[in-house]
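Here are my notes on this chain, point by point. Please read them with the model open.

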Amino acid sequence: MTAQTGTTTAARTARRVDAGVIQLTRRDIDGLLLCGEHYGAPYDLLAAALHVPPGRLPAIVRRWRRAGYAATGRLGPGPGWCWLTRDGMTATGLGFPALRPALGRLAHIRAVLAARLWLETGPGWASGQAWWHSERRLRADQPAVRHGGHVPDAEIHWPSIPGSRYAGQVWAVEAELTPKPIARTTRIMGGLLTTGQHTHVIYLVAPAALPVVTRAAGSLAPGEQPRVTVRELPPTAFLLEPPR
């Protein structure tokens with residue numbers, strides 16, 4: 001009788017210890033890592049990344065907030081945003097500063113994430129087991145670049161696996177929303193090609209930036225031009241204009 005009572009008490013204690021603990025799924029972990037790597041994520045693109053209907057996302061991020069891993073809010077026009085707290089950065093192992101996305105960078109953060117999601121649907125991504133190396137990870141890997149030099153918005157790494165068209169390659173990715181002086185664009189483009197780290201450079205650009213980026217690519221040496229691909233950003237990179 002005493003042993004049975006002790007067992008029952010222990011079970012109740014175990015239940016009390018577990019009460020309120022958020023059990024994270026693989027989808028939760030993927031979403032938290034995405035938010036941390038990209039400085040934050042707007043709700044519509046985060047839902048697309050997690051392959052859930054937009055209406056389900058608020059419940060998902062609520063669980064993250066309850067666990068203390070994420071913060072959310074409206075940072076400007078369009079959907080809400082989600083970003084990691086200090087506890088979220090610790091839990092994911094990313095270790096980046098836990099900061100709310102800067103207002104001046106929201107459009108660029110959105111464009112880079114939209115570019116990632118679009119590229120991940122491309123031919124060969126899944127079969128080639130490609131993976132995305134974010135700007136935040138690149139800056140953490142190369143502390144010296146904080147004092148000069150250009151860091152691409154991301155890299156795509158292609159593992160050396162049999163049958164992959166791009167085995168062993170590393171691509172630099174740039175998302176360009178506004179036109180810059182052509183000399184600067186050409187210098188950045190050429191620098192990415194000559195570091196010896198990048199096999200290819202992918203420029204995904206807004207219509208306003210397309211002429212300058214196209215001219216810069218055309219000014220490269222003939223042997224370098226095939227290593228640069230210029231495409232327009234997917235429509236999801238931009239907020240829809242509200243009806244007037």
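Helix axes in these notes are lines fitted to C-alpha atoms over the stretch in contact, and their angles run from 0 to 180 degrees between N-to-C directions.

1. Helices α2 and α3. This is a predicted model. The α2 and α3 axes cross at roughly 135 degrees and come within 10 Å. That angle makes α2 oblique to α3, because oblique covers what is neither roughly parallel (under 35 degrees), roughly antiparallel (over 145) nor roughly perpendicular (65 to 115). The crossing of α2 past α3 is right-handed. On the α2 side, the residues that meet α3 are Arg27, Asp30, Gly31, Leu34 and Cys35. On the α3 side they are Leu46, Ala49 and Leu50.

2. Helices α3 and α4. Here the axes are 10 Å apart and the packing angle is about 95 degrees. So α3 is roughly perpendicular to α4. Tyr43, Leu46, Ala47 and Leu50 are the α3 residues in this pairing. They meet Leu57, Val61, Trp64 and Arg65 of α4. Leu46 and Leu50 of α3 thus appear here, and both also meet α2.

3. Leu57. Which residues does Leu57 contact, leaving aside its neighbours within four places in sequence? They are Tyr43, Leu46, Ala47, Leu50 and Val52. Tyr43, Leu46, Ala47 and Leu50 belong to α3.

4. The largest nonpolar core. It has 41 residues. Leu46, Leu57, Trp64, Cys82, Trp132 and Ile156 have the most contacts inside it. At least two residues each come from helices α2 (26–37), α3 (43–50), α4 (57–67) and α6 (106–119). The same holds for strands β3 (81–84), β5 (154–157), β6 (170–176) and β7 (200–205). The largest share is from α6, with seven residues.

5. Another core. Apart from the largest one lies a core of 15 residues. Among them are Met189, Tyr203, Val205 and Ala216.

6. Ala41. Is Ala41 buried or exposed? Its relative accessibility is 0%, so Ala41 counts as buried. It is found in strand β1, residues 41–42. Not counting residues up to four places away in sequence, Ala41 touches Cys35, Leu46, Gly80, Trp81, Cys82 and Leu113. Of these, Cys35 lies in the α2 contact with α3, and Leu46 and Cys82 are among the residues with the most contacts in the largest core. Gly80 is 39 residues from Ala41 along the chain, yet their C-alpha atoms are separated by 8.6 Å.

7. Thr185. This residue is found in helix α9, residues 182–194. Its relative accessibility is 1%, so Thr185 counts as buried. Beyond four places in sequence, Thr185 touches Glu176, Lys180, Tyr203, Val212, Val213 and Ala216. Tyr203 and Ala216 are members of the 15-residue core. Between Thr185 and Ala217, 32 residues apart along the chain, the C-alpha separation is 8.9 Å.

8. The chain as a whole. There are ten helices and eight strands. Of the 244 residues, 40% count as buried. Among contacts between residues at least 6 apart in sequence, 61% join residues at least 24 apart.

9. Confidence. The average pLDDT is 90, and 87% of the residues score at least 70. Over residues 13–19, the pLDDT is below 50. That stretch has zero contacts in the model beyond near neighbours in sequence.

Methods: Residues numbered from 1 in each chain as written. Predicted model: local features only at pLDDT ≥ 70, side-chain atom pairs only at ≥ 80, totals over all residues. Heavy atoms only, no water. Core = buried A, V, L, I, M, F, W, Y, C linked by side-chain atoms within 4.5 Å. Buried < 20%, exposed > 50% of the residue type's maximum accessible area, 1.4 Å probe, protein only. Helix = DSSP H or I, 4+ residues; strand = E, 2+ residues; numbered from the N terminus. Contact = heavy atoms within 4.5 Å. pLDDT = per-residue confidence, 0-100. Left-handed = near helix turned anticlockwise from the far one by under 90°.
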